[in-house]
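Visitor: I am new to this model and would like to take a close look at a single part of it, with enough of the surroundings explained that I can find my way there.

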Amino acid sequence: MTYQTQLFPWCIIRPLPNMRQTIVARFRRRCDAEAHLRILRQLLPTAPHTIIFDLTPETPDKDSEGTK
C-alpha cells in the first residue's frame, strides 16, 4: 500500500460483474466521500456506488513482478 493510499482510506467504489469492483474516488474523510456520493447519485441514479474504508495491502500483479 502506498503512502498516498494510506492518506485517503475512504473510497467510493462501483461494483462490477464477477465480484469485481472499481475505485471511483478516494477521500481523507468520510463526510467528503458522502458528499461526493450524493452528487454521483444525482448524476448517475441507476449506477450503484458504495463507500468503503480501504486499508488492504496491495498485492503485486503477476505482470509487474519483473519475471523474464
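Visitor: Which residues form a nonpolar patch on the surface, and about how much accessible area do they have together?

Guide: Before anything else, please keep in mind that what you see is a predicted model. The nonpolar patch on the surface is formed by I39, L43 and L44, and together these residues have about 300 Å² of accessible area. Of the three, I39 is a convenient place to start, since its position is within helix α2, an element that spans residues 30-43. With a relative accessible area of 46%, I39 lies between the 20% and 50% limits and therefore counts as partly exposed.

To place the patch in its surroundings, it helps to step back to the whole chain, which contains 2 helices and 3 strands and, read from the N terminus, runs through them in the order α-β-β-α-β. The accessible surface of the protein chain amounts to about 5,600 Å², and 54% of that surface belongs to carbon and sulfur atoms. As for the interior, 22% of the 68 residues count as buried. Among the contacts whose separation is 6 or more, 44% are made by residues 24 or more positions apart.

The helix that carries I39 is best understood together with the sheet. The 3 strands make an open sheet in which the order is β2-β1-β3 and the pairing is antiparallel. β2 and β3 are its edge strands, each of them pairing on one side only, and from one strand to the next the twist averages 40°. Helix α2 packs on this sheet, where it touches β1, β2 and β3, and its direction makes an angle of about 40° with that of β1.

Within the sheet, the pairings can be followed residue by residue. In general, the strands of a sheet pair through backbone hydrogen bonds, and the pairing may be parallel or antiparallel. Here strand β1, which covers residues 10-16, pairs with β2 in the antiparallel sense over 7 bridges. If you follow β1 along its length, W10 has F27 of β2 as its bridge partner, I13 has I23 in that strand, and P15 is matched there with Q21. The hairpin of β1 and β2 has 3 residues between the strands, and in this hairpin N18 takes a positive phi near 60°. β1 is also joined to β3, by 4 bridges, and these two strands run antiparallel. W10 takes part on this side as well, where it stands opposite F53 in β3.

Turning from nonpolar side chains to charged ones, you will find 3 salt bridges in the structure. One of them belongs to the helix that also holds I39: the side chains of R30 and E34 meet at 2.9 Å, N to O. Both residues lie in α2, 4 residues apart, which is about one turn of the helix. R30 has 38% relative accessibility and counts as partly exposed, as E34 does at 30%.

Another salt bridge brings together the side chains of D32 and R29, again with 2.9 Å from N to O. At 31% relative accessibility D32 counts as partly exposed, and R29, with a relative accessible area of 49%, is partly exposed too.

The remaining pair takes you back to the sheet, for R26 forms a salt bridge with D54, and the closest N and O atoms are 2.8 Å apart. This pair links distant parts of the chain, with R26 in strand β2 (residues 20-27) and D54 in the segment after β3 (50-53), 28 residues apart. The two ends of the bridge can be described separately. R26 is partly exposed, its relative accessible area being 27%. D54 has 11% relative accessibility, a value under 20%, and so it counts as buried.

To return to your question, the part to look for is the nonpolar surface patch of I39, L43 and L44, with I39 placed in helix α2 and that helix packed on the sheet.

Note on methods: Residues are numbered from 1 along each chain as its sequence is written. This is a predicted model: local features need pLDDT of at least 70, side-chain atom pairs count only at pLDDT 80 or more; totals for chains, interfaces and linings use all residues. Side-chain values use heavy atoms; hydrogens and water are left out. A salt bridge is a side-chain nitrogen of Lys or Arg within 4 Å of a carboxyl oxygen of Asp or Glu. Buried means under 20% relative accessible area, exposed over 50%, partly exposed in between (1.4 Å probe, protein chains only). Two strands pair if DSSP finds at least two bridges between them. Axes are lines fitted to C-alpha atoms, for helices over the stretch in contact, and angles run from 0 to 180 degrees between N-to-C directions. Contact means heavy atoms within 4.5 Å. Patches are made of residues with over 30% relative accessible area and no salt bridge: like charges are joined within 9 Å, nonpolar side chains (Val, Leu, Ile, Met, Phe, Trp, Tyr) within 5 Å. Accessible areas come from the Shrake-Rupley method with a 1.4 Å probe; for residues, only the protein chains shown count as cover.
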